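Q: I would like to go through this structure with you, piece by piece. Could you take my questions as they come?

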Amino acid sequence: MAVLVTRDQGAPMRQEIRIGSHTLAADGTVEEGGESSAPTPHDLYDAALGACKALTVLWYAKRKGIPVESIEVRVERNSAQERAGTYRLDAQLRLGGPLSPAQRQELLSVASKCPIHKLMTAVTTEITTSLAD
């Protein structure tokens, strides 16, 4: 599936993102010359991790019959060392429902194995950028 990003001509930096039948946006901060009208690309990157952890935990809990009633994932970013090569994300899970301590630990372990977590930490991503005709 392709992701299509096009500039919103009515805003200084805002981009419209189309993924299949879904549309969302990205924008720069006011300090960067944008309007902060949508998440930044860094926000979307961080959100992908949180969403993946939540979906992975929910899928696993349903499959195993674990009575999780709610899942909240808070992702905090520390990009202070990004230019030096380290981008830190702290993901904190809040699980609701009648869960035993063992089930809570099991779900925490599963969250650390979500596909985006693996993609961000264990995979070499190769990116090519070219001009279209």
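Q: Is C52 buried or exposed?
A: In this predicted model, C52 is buried, with a relative accessible area of 12%. That value puts C52 in the buried class because the cut-off for burial is under 20%.

Q: And how many disulfides does the search of the whole structure find?
A: The search finds 0 disulfides. C52 is in no disulfide, and the nearest cysteine sulfur belongs to C114, 3.3 Å away.

Q: Why is there no bond between C114 and C52?
A: The two sulfurs are 3.3 Å apart, which is too far for a bond. A disulfide would need the sulfur atoms within 2.5 Å.

Q: What is the relative accessibility of C114?
A: C114 has a relative accessibility of 0%, so C114 counts as buried.

Q: Changing topic: which residues make up the largest nonpolar core?
A: That core has 10 residues in all: V57, Y60, A61, I66, V68, L95, L99, L107, V110 and A111. Helix 1 (41-64) and helix 2 (101-111) each supply at least two residues of the core. As a general matter, nonpolar side chains tend to be buried together in soluble globular proteins.

Q: Which residues is A61 in contact with, leaving aside its neighbours within four places in sequence?
A: With those neighbours set aside, A61 is in contact with I66, V68 and L107. These three residues also belong to the largest nonpolar core.

Q: On to the strands. In what order do they form the sheet?
A: The sheet is open and has 3 strands in the order 1-2-3, with antiparallel pairing. Strand 1 (3-7) and strand 3 (22-26) are at the edges; each has a single partner strand, so one side of each lacks a neighbour in the sheet. From one strand to the next, the twist averages 25 degrees.

Q: How many bridges pair strand 2 with strand 3?
A: Strand 2 (residues 15-19) pairs with strand 3 over 5 bridges, in the antiparallel sense. Across this pairing, I17 stands opposite L24 in strand 3.

Q: One last residue: where does K118 lie?
A: K118 lies in helix 3, which covers residues 115-122. K118 is partly exposed, at a relative accessible area of 44%.

Q: What is K118 in contact with, leaving aside its neighbours within four places in sequence?
A: K118 is then in contact with K113 and V123. As for L49, it is 69 residues from K118 in sequence and 9.8 Å away in space, C-alpha to C-alpha.

Methods: Residues are numbered from 1 along each chain as its sequence is written. This is a predicted model: local features need pLDDT of at least 70, side-chain atom pairs count only at pLDDT 80 or more; totals for chains, interfaces and linings use all residues. Side-chain values use heavy atoms; hydrogens and water are left out. Helices (H or I, at least four residues) and strands (E, at least two) are DSSP runs, numbered from the N terminus. Buried means under 20% relative accessible area, exposed over 50%, partly exposed in between (1.4 Å probe, protein chains only). Contact means heavy atoms within 4.5 Å. Two strands pair if DSSP finds at least two bridges between them. Axes are lines fitted to C-alpha atoms, for helices over the stretch in contact, and angles run from 0 to 180 degrees between N-to-C directions. A nonpolar core is a set of buried Ala, Val, Leu, Ile, Met, Phe, Trp, Tyr and Cys residues joined through side-chain atoms within 4.5 Å.
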